[in-house]
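Student: I've just opened this one and I'd like some help. Could you walk me through it, feature by feature?

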Amino acid sequence: MKLKLMNLMLAALLMASIPAMAESQQDKMNQFIDQLMSKMTVEEKLGQMNLLPGTSATTGELKNSPLLSLIEQGKLGTVLNQTGVEGIRQLQDAAKRSRLGIPVLVGMDVIHGYETIFPIPLGMSCSWNMEAIEQAARIAAKEATADGICWTYSPMVDIALDARWGRIAEGNGEDPFLGARIAEALVKGYQGNYGPENMMACVKHYALYGGAEAGRDYNTVDMSHVRMYNQFFPPYEAAAKAGAGSVMTSFNIVDYIPATSNKWLIDDVLRKQWGWNGFVVTDYGAIAEIIKHGLGDLQQASVLALKAGTDMDMCAEGFIKTLEQSLKEGKVTMAEIDQACRRVLEAKYILGLFDNPYRFLDPKRRATDIYTPEHRQAARQLAAESFVLLKNEGSLLPLKKQGKIALIGPMADNRINMAGTWAPTAANERYATLKEAMEKALAGKATVSYAQGCNFTSDSTLQKDGGFYRQTPFKDAEQLKREALQAARDADVIVCAMGESAEMSGECSSRATLEIFDTQRELLEALLALGKPLVVLNFSGRPTVLTWENSHVPAILQVWFGGSEAGDAICDVLFGDKVPCGKLTTSMPQATGQEPLYYNHLPTGRPVGEDQSSFSKFASNYFDVRNDPLFPFGFGLSYTTFEYSDIRMDGRKASVTVTNTGDYEGVEIVQLYIHDVVASITRPVKELKGFQRIHLKKGESKEVTFEITDDLLKFYNSNLDYILEPGDFEVMIGPNSSLKNLKKTVLTIK
């Protein structure tokens, strides 16, 4: 067992791009942990498997915290959501006073930045820029470790197909191939070589959390194993094989068994099939939720979780309170407890905490490493690359920096909402509003008149000052509308900053309807009636329904929530200092009733076809809306235009020439899709299998080549064998997933 653990640890380190450990170093690690565990009581081992929330408190309050006493007694090994070097130092001081002096692991939800906030993950994914996404994770790690935190509950790699689900904002969209590449980039960015500016990643939510029925958080997930392996598992596997140090279980059931107590999921797939050997932590209170799933009391739930391969209990206190009794009763073994404890101790060893518990507690770093000009510039650039230009009728955008511009909408001067959801460490007071950024960008060139225009929605219960949605106070609707119309009448162009507020997406923020809220639609109608050029900036943490807006508004820019530098980044794109290049990583529906909606669906026996050419009463279609999305996966316009040649095949290499035929230089994201024409099981109508970001000057052409390897053609069959079946494969290359925009040819594999 010792040799096996040693070899698996070496493999994990290698996969994380860490230089190979010398055999003496491996022996030293294993000998150290063996010796330490030989001294530990059962309670102390269970303490290492116990995770409780911190206080992020002031020094005086933390001194009275019960956490310090638990740490001193060896009953608590990990703390979450405790920030600040001074407070975390007290945790480590308490650990040194414990019998064995085992350091504390401190974790935090550092999802898309620490104080320099990058776009929400869904927005970041629309850049398709792996280098920039890796850099964002690296900067987040540098800032978090400067504040004492060495473990992040990120990346979230759940495939999400239903825009109603609020946590779609935290992930990377609907595609497993792209999701896997982003997962790898984030793990590499966070962990690096585990230096003092790196932190351990925690891949979540394992597994299938994005498949919740009806898009309702914490809801039932039920699917075949074939679908799991082909569509949902790839990003988890990619993150595991990239060397992620930890994995978090999901709240949902898998095969009718809660993920936290699912031995097949954790032990068989994650550890044995994928060869991963980090530690597994539950999501918040998930062991206690096993009770509500109907599998027993807290003691039974804790036994099931441990035996499944779960190593750390987040906030349910099931392990620390019940497993010693279960050991006495023969319900668990000492070997099972030892295995879980060892994995936690290995993580602390890898992070260097045994060598120096204060490794991440340099008080000087906060002043030099957090929210720096370099970090802010990186965030501003990535935000600009995340925006997706959905419509630009008459080349209304970019706007000229002249004349009178009316800036209207509930997101126009709303500081607290700029960072977006899941930004608990955001320093909102530091971030510019869109109004402030626009006034700065146009200083001396144009005038800006501002009006809020409307509340987010007419439902005042959602708009309490300081309430769940963190919105501005609810104001008189008629007065707001009058102010907006007055500002718009005097303007040459109207810019509407509308959509969701930050907390309308994220955990437990599911929506039953995805259309724009009533008050905003009414205001838009009134503003459009003035007959002036109008641009909508759509803020959202999910794909929303913009069917009416697409029919009536000349220009729409999807800006998600761009983070701490969102205001400046929006102005960069709005006024043409940067050319939009973002491409959707989720399909945007025509109507909420289309959800779940995704491009890589399976064919049916009565297909309609993307062009609706097979539409009939007895086909697989709606009678009141087309099947296709309003904006397809991979879609995004630019201020310039690109032309694709036909595909040229040279063996397994597929090439196209892309030419910039417009008036601006810009970035194009060239996408490769493949369809397996005949197979032993039904296969998706198309699947993303490659992409390249290319920069083209005005009039410039570049050849883009994709090598079609065996692995790109393989899939899991009904026996879950990963195979390549010979035959014909449709090869498609183009600017997005819509067939009308793709060049096509056929590759035959014998």
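Tutor: Sure, we'll go through aromatic pairs, charges over rings, a pocket and one glutamate, keeping in mind that this is a predicted model.

Student: Let's start with the rings. How many aromatic pairs does the structure hold?

Tutor: Two rings pair if their centres lie within 6.5 Å. Here there are 26 aromatic pairs. Take Y206 and Y236: their ring centres are 5.4 Å apart, with 85° between the planes, making the pair edge-to-face.

Student: And which parts of the chain does that pair tie together?

Tutor: Y206 belongs to strand β5 (residues 202-206) and Y236 to helix α11 (residues 234-241), so the pair links parts 30 residues apart in sequence.

Student: Are those two buried or exposed?

Tutor: Buried means under 20% relative accessible area. Y206 comes in at 1% and Y236 at 3%, so Y206 is buried and so is Y236.

Student: What does a stacked pair look like here?

Tutor: Look at F631 and F635: they too form an aromatic pair, with 5.4 Å centre to centre, but 25° between the planes, which is stacked. Both F631 and F635 are buried.

Student: Which residues do ring pairs link into a cluster?

Tutor: Follow the pairs from ring to ring and you get Y206, Y229, F233, Y236, W264, W274, Y716 and Y722.

Student: Where do charged ends sit over rings?

Tutor: Try R181, whose charged end sits over the ring of F177, 4.9 Å from the ring's centre. Another case is K617 over the ring of F618, at 6.0 Å from the centre.

Student: Now pockets. What is the volume of the second largest pocket, and which residues are closest to its centre?

Tutor: Its volume is about 520 Å³. There are 25 lining residues, and L637, S638, T640, T641 and F642 are the closest to the centre. Strands can contribute too: β11 (388-392), β17 (642-644) and β20 (666-676) each give at least two residues to that lining. By type, the lining has twelve nonpolar, nine polar and four charged residues.

Student: Last one: where does E170 lie, and what does it touch?

Tutor: Find the loop between β4 (151-152) and α9 (176-191), and E170 is there. E170 has 2% relative accessibility, so this residue counts as buried. Leaving out residues up to four places away in sequence, E170 touches P121, M156, K204, H205, W422 and E507. You can also check D158, twelve residues away along the chain: the C-alpha atoms of D158 and E170 are 8.6 Å apart.

Technical notes:
Residues are numbered from 1 along each chain as its sequence is written. This is a predicted model: local features need pLDDT of at least 70, side-chain atom pairs count only at pLDDT 80 or more; totals for chains, interfaces and linings use all residues. Side-chain values use heavy atoms; hydrogens and water are left out. Rings of Phe, Tyr and Trp (its six-membered ring) pair if their centres lie within 6.5 Å; planes under 30 degrees apart count as stacked, over 60 as edge-to-face and the rest as tilted. Helices (H or I, at least four residues) and strands (E, at least two) are DSSP runs, numbered from the N terminus. Buried means under 20% relative accessible area, exposed over 50%, partly exposed in between (1.4 Å probe, protein chains only). A charge sits over a ring if NZ of Lys or CZ of Arg is within 6 Å of the ring centre and within 35 degrees of the ring normal. On a 1 Å grid over the protein atoms alone, a cavity is a set of points where a 1.4 Å probe fits but cannot get out, and a pocket is an open set with protein on both sides within 12 Å along at least five of seven lines; lining residues have an atom within 4 Å of a point. Grid points are joined across faces, edges and corners, and a volume is the space filled by probe spheres set on the points. Ala, Val, Leu, Ile, Met, Phe, Trp, Tyr, Cys and Pro count as nonpolar, Asp, Glu, Lys and Arg as charged, and the others, Gly among them, as polar. Contact means heavy atoms within 4.5 Å.
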